[in-house]
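Me: I am new to this structure and would like to get to know it slowly. Please start with something that helps me find my way around, then pick a single part and take a close look at it with me.

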Amino acid sequence: MALLEVKNVKKRYGADGEYILNGVSLDVQKGEVVVILGPSGCGKSTLLRCINGLELIEDGEILLDGNKISGLKKDMHLVRQKIGMVFQSYDLFPHMTVMKNILIGPTKAQKRDKAEVEKEAMELLKRVGLEDKANVYPRTLSGGQKQRVAIVRALCMHPEIMLFDEVTAALDPEMVREVLDVMIDLAKSGATMLIVTHQMEFARAVADRIVFIDEGNIVEESSPDDFFTNPKTERAKRFLDAFRFDKVRN
């Protein structure tokens, strides 16, 4: 049984709106890294938000550990503790230090011992090269540092799966690399991850499987090598061509 099952999910905005997701089905196995690619507006981020319960779906169902999680109201906050999500915007509380930002979820929502969580948080901050930033405020951090803190905050909740939604889109090139290196390290450690990104080389390096979405439908699924060297569909070929340039000067 897959850890995460998305079954024929449909989502639209407004009763008469077009479907953003038009019957999407996707399984993610425990320990698997799945990268979702596709043009802007195709439904990638909406899919992640539906999985995390931030958007309601019109049809289909979503299961975690074999249990239906779509449509829940009363216990959705418990489900979100199992699904870590890191957004393009860091969403750190500006009036709290880095450590307090990390502690608030495990200590308030999960009622875990503060000293235990603080020890784990320091170990994770060290892992991402930010152990010296525990007591500073987010305004003093670079974008890449804020995003690494956001990842640590999500990991401290002990999620079963991590969702990453274009987490490097707002970062400068050098900051992009420091965040992607953390995600690659997570993949090496066996974390289950569902990643939306436009970083093609990163996608090829980190993914076990590529899922290509266009106009709310899964158009193609394959291994990274197959997708990038021999895409099966014309739509995927056109998408990849957008990232290639011919030399114009000798």
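Reply: Helix α1, made of residues 44-51, lies across strands β1, β2 and β4. Against β2, the helix α1 runs at about 65 degrees. Please keep in mind that this is a predicted model.

The strands under discussion belong to an open sheet of four strands, with the order β2-β1-β4-β5 and antiparallel pairing. At its edges are β2 (19-28) and β5 (67-68), each of which pairs on one side only. Further in, β1 (residues 4-12) pairs with β4 (residues 59-64) over five bridges, in the antiparallel sense. If you want one pair to look for, take Lys10, whose bridge partner in β4 is Asp59.

With those landmarks in place, let's turn to the part for our close look, helix α4, which covers residues 114-127. The helix α4 has 14 residues, and from its first C-alpha to its last it reaches 20 Å, close to the 20 Å expected at 1.5 Å a residue.

Now for its two sides. Val117, Glu120, Ala121, Leu124 and Leu125 are the buried residues of α4. Seen down the axis of α4, these buried residues fall within an arc of 140 degrees, so they line one face of the helix. What do the buried residues of α4 pack against? Their partners are α3 (98-109) and α5 (143-155). On the other side of α4 you will find Ala115, Lys119 and Lys126, which are exposed.

The N-terminal end of α4 is worth a pause. Asp113 caps this end: one of its side-chain oxygens lies 3.3 Å from the backbone nitrogen of Ala115.

Lys114 is also part of α4. Is Lys114 buried or exposed? Its relative accessible area is 53%, and the cut-off for exposed is over 50%, so Lys114 counts as exposed. Even so, Lys114 has neighbours: leaving aside residues up to four places away in sequence, Lys114 touches Leu103 and Thr107. You can also trace the separation between Lys114 and Ile104, which are ten residues apart along the chain and have C-alpha atoms 9.3 Å apart.

Finally, follow the chain out of the helix. Just after α4 comes Gly129, which takes a positive phi of about 75 degrees.

Methods: Residues numbered from 1 in each chain as written. Predicted model: local features only at pLDDT ≥ 70, side-chain atom pairs only at ≥ 80, totals over all residues. Heavy atoms only, no water. Pairing = 2+ DSSP bridges. Helix = DSSP H or I, 4+ residues; strand = E, 2+ residues; numbered from the N terminus. Contact = heavy atoms within 4.5 Å. Axes fitted to C-alpha atoms, helices over the stretch in contact; angles between N-to-C directions. Buried < 20%, exposed > 50% of the residue type's maximum accessible area, 1.4 Å probe, protein only. Expected span 1.5 Å × (residues − 1). Arc of directions from axis to C-beta. Polar contact = N/O pair within 3.5 Å; in protein donor to acceptor, adjacent residues only side chain to side chain.
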